[in-house]
Amino acid sequence: MDRIRIKGGHRLHGTIPISGAKNATLPLMIASLLTEETLILDNVPRLADVGQLQRILGNHGVDVMVGGKRPGETPYDGQTLHISAARIVDTTAPYDLVSKMRASFWVIAPLVARMGQARVSMPGGCAIGTRPVDLLIMALERLGADIEIDGGYVIARAKDGLKGGEITFPKVTVGGTHTAIMAASLARGTTVIENAAHEPEVKDVADCLNLMGARISGAGTSRIVVEGVAKLGGARHRVLPDRIETGTYAMAVAMAGGDVLLENGRADLLQAGLDVLVEAGAHVSATNAGIRVARNGAGLAPVEVKTAPFPGFPTDLQAQLMALMTCAKGTSHITETIFENRFMHVQELVRLGAHIHLDGECATIEGVGKLTGAPVMATDLRASVSLVIAALAAEGETMVNRVYHLDRGFERLEDKLSACGAAIERIAG
Ligand code: EPU
């Protein structure tokens, strides 16, 4: 298994290109199941999760063609996928595939909407909490699907197709909103989704579905209205930039010091995260080319932050912020309100010398003068990258084990950071 070795203490200077968003790419690829025509996606990041979803879709009979290199293209330019679900040959998504990636459960919506049936393994728990699918099931039931749970599988049936309905989510759920929009796009009649997720990735998927012929309005707000259509067609869509990757490198620059342009990063997708960085003492400015983040010499100020659905501070940046605050001058408090157990990075940060106390959903971080390198390991994607951030400022060498978590969600992380002066390398193993 590959490892990443980091020697701390190098400031970052230069440009980091931001890739297409993982959390938009995955539902966009799944949306291809809604049409027999080809969906072309540009700016797709080269990530392990994208490859895994390609295998899952392949099992349903979907062909995915990856476009070849084009003149002037750099290794950082995203890929173009041509996805064709002309003939769906299997409506079952088996345990061994779904258990590797939770978002693959979302195939249930387009499969039942287009094929009238789907049998999808329950995704189960994962390292950041129990993460149930009850609200996704509720949404499908509201659209007339019959649901049965048998042998660890959710079986959804709608022999005569889905019917529009009212879906009110008792809590904001990104996956629930994606599921509801996709299913409602091919349902007969109108669906109203209340308390929908505002996340920019929801809007990106809705924009793509509208290009495919869907009739969705209100995406990006808490009330989404979908007028069902009989059929969807092909389209070409460019995946929006990854706001979590942007925020992660912004925190890395704040941690290590330096001055970096996050090329293609969009401040409007990340305002709450950028505001916290400014409060902590980083300089942040939005330019036509992206977002510039700098910190020169001055110490970091502590912050009080609660994660929240968009436009609040994202849970997917909580671990990275905690890494940053380990070196602040004072005590910070970070409260995780989205997932009940998303603190797997705490014990690893402590191995680097951080002082963190956990009390339920609230972490108290007492800034220390310096961290010290150590071997570390993490059990989820964002936790892993928080260790990389901490290591950039730690004295000596840190070895991050289980790098496959990073490869799930960060494209060429070590190349992007080393191009800006970080002493980071991958050790194949
Ligand atoms: N929830 C339920 N029942 C459900 C669905 C969700 O109780 O049926 C709960 C969850 O347990 C959680 C809350 O609702 O407490 C919000 O979960 P949500 O459904 O919004 O999360 P998700 O759709 O499974 C996506 C992202 C996550 C991100 C969350 C929150 C993708 C592929 N995943 O997950 O991203 O943390 O939204 O913003 O879009 C990551 O990229 O590292 C990651 C975990």
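**View 1. Polar contacts hold the ligand at Thr173, Asp134 and Arg102**. In this predicted model, an N or O atom in the Thr173 side chain is 2.7 Å from an oxygen atom of the ligand. The protein covers 91% of the 830 Å² of accessible area that the ligand has on its own (Shrake-Rupley method, 1.4 Å probe). Asp134 places a polar side-chain atom 2.7 Å from a ligand nitrogen atom. For Arg102, a side-chain N or O atom is 3.2 Å from a ligand oxygen atom. A polar contact here is a pair of N or O atoms within 3.5 Å.

**View 2. The shell around the ligand has 24 residues**. A residue belongs if one of its heavy atoms lies within 4 Å of the ligand. Asp134, Leu135, Thr173, Asp316 and Ile338 come nearest. The shell divides into 12 nonpolar, 8 charged and 4 polar residues. Helices H1 (22-31), H5 (134-142), H6 (174-185) and H12 (381-393) each supply at least two of them. H5 gives the most, with 3. Helices are DSSP runs of H or I, at least four residues; strands are runs of E, at least two.

**View 3. Strand E3 pairs with E5 and E14**. Pairing requires at least two DSSP bridges between the strands. E3 (residues 38-44) runs antiparallel to E5 (residues 79-84), with 5 bridges. Thr38 has Ser84 as its bridge partner in E5. With E14 (residues 235-238), E3 pairs in the parallel sense over 4 bridges. Leu39 stands opposite Ala235 there. In E3, 6 of the 7 residues are buried (under 20% relative accessible area, 1.4 Å probe, protein chains only).

**Notes.** Residues are numbered from 1 along each chain as its sequence is written. Local features need pLDDT of at least 70, side-chain atom pairs 80 or more, while totals for chains, interfaces and linings use all residues; side-chain values use heavy atoms, without hydrogens and water.

How values were computed: Buried means under 20% relative accessible area, exposed over 50%, partly exposed in between (1.4 Å probe, protein chains only). A polar contact is a pair of N or O atoms within 3.5 Å; within protein, one must be able to donate a hydrogen and the other to accept it, and residues adjacent in sequence count only if both atoms are side-chain atoms. Ala, Val, Leu, Ile, Met, Phe, Trp, Tyr, Cys and Pro count as nonpolar, Asp, Glu, Lys and Arg as charged, and the others, Gly among them, as polar.
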